[in-house]
Amino acid sequence: MCGIVSAIARHNIVPVLIEGLRRLEYRGYDSCGIAVLTDGAPRRVRSIARVEDLAAQVEKAGFASGIGLAHTRWATHGAPVPDNAHPIFSRETIALAHNGIIENHEALRKALSAQGYTFVSQTDSEVIAHLIHSLLPASSLEHFSARLLLARARRQYGDRCGRSRSASLRDGGDPAAIPNTRNDDVTQCKPLKNALADAVRAAVQQLRGAYAIAVFHSAEPHCIVGARRGSPLVVGIGEEAHFLASDAIALAGETERFIFLEDGDVVELTADTVNITDSNGARAERELRVLTSLHQIGALGPYQHFMQKEIFEQPRALAESIAQRDTFLPSCFGERARAVFERIDRALILACGSSYYAGLTAKYWLESIAALPTQVEIASEYRYRSPVPHPDTLVVAISQSGETADTLAALKYAHALGQAQSLAICNVATSAMVRQTALSFLTRAGAEIGVASTKAFTAQLAALFILTVTLGKVRARVAPSAEDAYRQQLRHLPVALNRVLALEPHLIAWAETFAGKENALFLGRGMHYPIALEGALKLKEISYIHAEAYPAGELKHGPLALVTDAMPVVAIAPNDALLEKLKSNLHEVRARGGQLYALAEPETRIDSDIGLRAIRMPEHEGPLSPLLHAVALQLLAYHTARARGTDIDKPRNLAKSVTVE
Ligand code: F6R
């Protein structure tokens with residue numbers, strides 16, 4: 001999704017902006033751009049290719065400045081064409097980068113057009129730039145016009161006016177012939193302090209929707225202003241430098257000190273100062289956080305892709321996520337958790353994509369182990385439904401990023417319906433979701449760079465299993481002997497996952513066949529049905545093969561019509577109570593010539609045969625078996641995509657953190 005990096009310093013910040021964009025590439029984007037302030041006016045380059053192309057253009061243009069902003073755009077309003085790429089300008093004086101969606105952009109566009117503003121893009125973001133401009137005091141704009149004329153003259157007349165006096169002198173120019181225009185310009189045009197921040201504060205009052213913005217104005221060359229509501233924005237504290245970014249990862253290598261802005265905050269940065277005001281315009285203090293391991297993010301090590309690296313990190317990610325939490329104590333979820341867990345009598349899980357499938361798997365656990373009635377909802381649907389709320393519901397929001405707009409909105413809606421007991425299961429401690437729930441459980445998967453969720457998904461499953469057993473204990477449904485067995489199964493997970501990873505050569509062999517297909521079916525039953533859904537999602541998003549998943553018993557109610565010898569059918573075949581039922585479903589496929597690929601556990605007596613290729617999975621892990629099958633399907637999707645040569649870590653049209661509706 002869109003990314004912002006902005007910086008102000010006493011030195012040239014252009015390399016920081018470019019490096020920041022590179023670090024944000026994993027989030028997904030379809031255009032990018034950078035704007036700097038030089039000689040009193042903003043200059044920009046934009047590209048609908050990759051950040052590397054932008055970097056080449058920047059080098060060619062010779063950009064160097066102590067103030068600038070850069071952006072990767074994931075198109076929502078308007079196609080990915082250069083005119084829609086950020087930074088967006090207003091009247092050649094304001095440069096702005098925006099993440100999020102402005103819902104009332106049409107009304108604002110109309111009002112600003114009536115004031116004489118010309119729109120050159122189809123973006124909703126352009127209204128913010130013009131709105132801020134329209135709210136600047138007239139004195140600031142007049143004051144600025146001399147500067148703008150001068151900058152234009154410099155561009156028009158080349159070296160004598162277009163470069164600083166010192167640069168021209170360095171290049172051997174005649175001192176008498178080179179006017180000291182730069183100094184004259186600066187002394188004549190003292191910046192109007194705070195006018196930009198005031199205009200931003202006034203502008204955001206008129207915006208409906210979600211935004212994180214970074215903006216500068218030519219009349220205030222020593223200041224950048226940021227603001228956020230609904231989309232994340234973080235301030236980085238450097239040496240004689242300050243930064244703004246939509247994700248702290250963008251600033252890895254520049255600083256370890258961050259301030260995470262809150263909804264409604266406006267921040268004003270100079271090279272030496274940080275001033276934050278809250279949504280009421282009052283001066284605000286925000287906690288300074290030190291993040292020391294950011295620089296490790298981004299190293300591929302021996303792997304070809306981040307997705308592959310993250311698949312292989314799962315034994316560690318799971319071990320860390322489980323450590324000290326397999327006591328199944330409510331306190332693992334927050335101080336107030338025991339009181340909440342004792343009160344609630346049902347669960348409502350809200351999530352999107354893979355996180356939703358983690359929630360669907362948990363429904364099987366919560367109902368069978370903790371006897372807790374559980375409803376699982378796709379967040380983008382729930383937020384617009386009229387559900388029947390119940391005050392004794394535990395609302396569980398699941399999200400890797402903690403910034404997914406639909407899940408945040410669904411959570412807010414659940415709260416507004418009087419369901420106040422909420423828990424976030426999230427991989428990012430500083431995310432909006434964690435701040436908006438009374439209870440939280442942080443998975444320790446580490447930063448996930450590949451767009452397709454892998455280690456974050458299995459870490460969510462581990463968290464949900466810990467939640468299940470904890471609730472089961474509180475509700476007197478889990479006896480001490482069962483608790484011990486669950487603890488042993490959890491502790492064994494990293495070893496079992498390593499055994500699945502050792503099956504990689506077999507999954508590569510399957511992938512060679514899958515790479516030539518255009519469709520695939522995934523079947524599962526019970527708690528493995530959501531894993532079939534996840535396997536199909538993984539395959540389609542990174543290999544672009546159309547894949548569907550069904551509970552195996554549903555096959556004969558329609559999808560069986562699709563089965564021919566050209567259709568690979570993946571069956572998750574654990575050694576559980578539904579095995580014999582599943583085997584009957586598999587016979588239905590084989591009888592129609594379907595090509596079966598079974599992930600079979602020992603003792604299932606499912607062996608390779610004509611029309612059937614079986615991989616022997618490690619020993620059945622009881623209720624945790626879904627995690628093992630999920631990892632096998634991740635490897636299948638990864639190697640199929642690799643064989644097809646797709647952009648695995650940045651699949652087309654997709655973004656890592658979906659911060660728009
Ligand atoms: C699929 C995938 C997405 C995310 C979904 C929710 O591989 O990664 O489906 O699971 O966009 O994202 P989070 O978990 O950040 O809320």
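Biologist: What makes β20 and β22 a strand pair?

Modeller: In this predicted model, three bridges join β20 (residues 519–524) to β22 (residues 568–573). A pair needs at least two bridges, so β20 and β22 qualify. The two strands run parallel, and leucine 521 stands opposite valine 569 in β22.

Biologist: Why is the sheet that holds β20 and β22 called open?

Modeller: Its five strands follow the order β21-β20-β22-β23-β24, with parallel pairing. β21 (546–551) and β24 (612–616) stand at the edges with a single partner strand each, so one side of each has no neighbour in the sheet. From one strand to the next, the twist averages 20°.

Biologist: What makes you say that helix α20 lies across this sheet, and which way does the helix run?

Modeller: Helix α20 (residues 529–543) lies across β20, β21 and β22. Its angle to β21 is about 180°. Angles are taken between N-to-C directions and run from 0 to 180 degrees, so α20 and β21 point in opposite directions.

Biologist: Which strands does helix α21 lie across?

Modeller: Helix α21 (residues 579–591) lies across β20, β22, β23 (595–600) and β24. The helix runs at about 170° to β22.

Biologist: What makes β11 a partner of both β9 and β14?

Modeller: β9 (residues 234–237) and β11 (residues 257–260) pair in the antiparallel sense over three bridges. β11 and β14 (residues 288–290) also pair in the antiparallel sense over three bridges. The requirement is at least two bridges, so β11 is paired with β9 and with β14. Phenylalanine 258 in β11 stands opposite glycine 236 and opposite arginine 289 in β14.

Biologist: How do you know where the largest pocket lies with respect to the domains?

Modeller: The domain assignment gives domain 1 (3–137 + 193–296), domain 2 (301–478) and domain 3 (499–648). Domain 1 and domain 2 both give residues to the lining of the largest pocket, so the pocket lies between them. The centres of domain 1 and domain 3, taken over C-alpha atoms, are separated by 45 Å.

Biologist: How many residues line the largest pocket, and which lie nearest its centre?

Modeller: The lining has 45 residues, and Leu294, Ile297, Asn427, Val428 and Ala447 lie nearest the centre. The space inside is about 1,000 Å³. α10 (306–312) and α11 (314–322) are the elements that give two or more residues to the lining. By class, the lining holds 18 nonpolar, 13 polar and 14 charged residues.

Biologist: What makes the largest cavity a cavity and not a pocket?

Modeller: A 1.4 Å probe fits inside a cavity but cannot get out, whereas a pocket is open, so the term refers to enclosed space. The largest cavity holds about 60 Å³, and the search of the whole structure finds three cavities of 30 Å³ or more. Residues lining the largest cavity include Cys2, Arg73, Trp74, His77, His86, His98 and Asp124. Its lining has three nonpolar, seven polar and two charged residues.

Biologist: Why is the peptide bond from histidine 86 to proline 87 called by a special name, and what is that name?

Modeller: The bond is cis, with omega near 0°. Proline 87 is in the loop between β4 (67–73) and β5 (88–90).

Biologist: What is notable about the phi of alanine 371?

Modeller: Phi is positive there, at about 50°, although alanine 371 is not a glycine. The residue lies in the loop between α13 (353–369) and β16 (374–378).

Conventions: Residues are numbered from 1 along each chain as its sequence is written. This is a predicted model: local features need pLDDT of at least 70, side-chain atom pairs count only at pLDDT 80 or more; totals for chains, interfaces and linings use all residues. Side-chain values use heavy atoms; hydrogens and water are left out. Helices (H or I, at least four residues) and strands (E, at least two) are DSSP runs, numbered from the N terminus. Contact means heavy atoms within 4.5 Å. On a 1 Å grid over the protein atoms alone, a cavity is a set of points where a 1.4 Å probe fits but cannot get out, and a pocket is an open set with protein on both sides within 12 Å along at least five of seven lines; lining residues have an atom within 4 Å of a point. Grid points are joined across faces, edges and corners, and a volume is the space filled by probe spheres set on the points. Ala, Val, Leu, Ile, Met, Phe, Trp, Tyr, Cys and Pro count as nonpolar, Asp, Glu, Lys and Arg as charged, and the others, Gly among them, as polar. Domain bounds come from an automatic or database domain assignment.
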